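Q: I've got a new structure open and I'm not sure how to read it. Can you walk me through it, one feature at a time?

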Amino acid sequence: MAFDDLYQEIILDHSRNPRNRANLDHIPESEVHDNPSCGDHLKLELLAGPDGNVESLRFDGDGCAISVASASMMTELLKGMPLAEARTKAEEFIGLMKDREHGKETLEADWGELAALGGVVAYPMRVKCATLAWHAVEDSIDKTRGQS
Ligand code: ZN
């Protein structure tokens, strides 16, 4: 019970005070990532440093508390990581959100604040909210690496 309250607090905190949210008007509307089933949409800006790490990761957009909190926590987790590692993390997270058998417990054991999203695994409609930013970062990483 206490855990559920804690997780609720984490999601509310990140959705009300998102980290690394910025005005990204310079990114064209054609690059908006959408989750039509809920109405979430976001833009993502990933800048790689000369060392091949994620130097800056910011998002813009609107959506439900889950989508915004997930994007906010994602930027905090992936910032500073090597691109390849960040790509693997994104794949892992998306996989866990779709793993109704072990997803929740793995998130709770290994993923820090993102454990707060473990309860979403049981709700397929909301999984799309939680994974929107992570699909977006996969795209951004693939584009960034394609350019180098
Ligand atoms: Zn949503």
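What follows is a short dialogue on this predicted model.

Q: Let's start with the metal. Which residues are the protein donors of the zinc ion?
A: To read a metal site, list the atoms that reach the metal. Here the list is Cys-38 (SG), Asp-40 (OD, given twice), Cys-64 (SG) and Cys-129 (SG), at 2.2 to 2.6 Å from the zinc ion.

Q: How are those donor residues spaced in sequence?
A: The pattern reads C-x1-D-x23-C-x64-C. Asp-40 sits in strand S2 (residues 40-48) and Cys-129 in helix H5 (residues 124-147), so this pair ties together parts that are 89 residues apart in sequence.

Q: Are Asp-40 and Cys-129 buried or exposed?
A: Both of them are buried.

Q: What should 24 residues of H5 span, and what do the end C-alpha atoms show?
A: Take 1.5 Å a residue and you expect 34 Å for H5; the end C-alpha atoms are 34 Å apart, so the two agree.

Q: Where is the kink in H5 centred?
A: Look at Thr-131: the kink there is about 45°.

Q: Now the inside. Which residues touch the most other members of the largest nonpolar core?
A: Trp-134 and Val-137 do, in a core of 42 residues. Two or more residues come from each of helix H1 (2-16), S2, strand S3 (54-62), helix H2 (65-78), helix H3 (83-97) and H5. H5 gives the most, with 9 residues.

Q: Why might residues a few places apart in a helix point the same way?
A: An α-helix has 3.6 residues a turn, so residues three or four places apart face the same way.

Q: What is Trp-134 in contact with, leaving aside its neighbours within four places in sequence?
A: Quite a list: Ser-70, Met-74, Leu-77, Lys-89, Ala-90, Phe-93, Ile-94, Trp-111 and Leu-114.

Q: And Ser-140, is that buried or exposed?
A: A residue counts as buried under 20% relative accessible area. Ser-140 has 14%, so it is buried. This serine lies in helix H5, and, apart from neighbours within four places in sequence, Ser-140 is in contact with Leu-44 and Leu-46.

Q: Which residue in S3 is the bridge partner of Leu-46?
A: That's Leu-57. S2 and S3 run antiparallel, joined by 8 bridges.

Q: How do side chains sit along a strand, and what about the turn in this hairpin?
A: In a regular strand the side chains alternate between the two faces of the sheet. As for the hairpin of S2 and S3, 5 residues lie between the strands, and Gly-52 takes a positive phi near 80°.

Conventions:
Residues are numbered from 1 along each chain as its sequence is written. This is a predicted model: local features need pLDDT of at least 70, side-chain atom pairs count only at pLDDT 80 or more; totals for chains, interfaces and linings use all residues. Side-chain values use heavy atoms; hydrogens and water are left out. Donors are N, O and S atoms within 2.8 Å of the metal (3.2 Å for Na, K and Ca); water is not among the atoms, so sites may look incomplete. Helices (H or I, at least four residues) and strands (E, at least two) are DSSP runs, numbered from the N terminus. Buried means under 20% relative accessible area, exposed over 50%, partly exposed in between (1.4 Å probe, protein chains only). The expected span of a helix is 1.5 Å times one less than its number of residues. The bend at a residue is the angle between axes fitted to the seven residues ending there and the seven starting there. A nonpolar core is a set of buried Ala, Val, Leu, Ile, Met, Phe, Trp, Tyr and Cys residues joined through side-chain atoms within 4.5 Å. Contact means heavy atoms within 4.5 Å. Two strands pair if DSSP finds at least two bridges between them.
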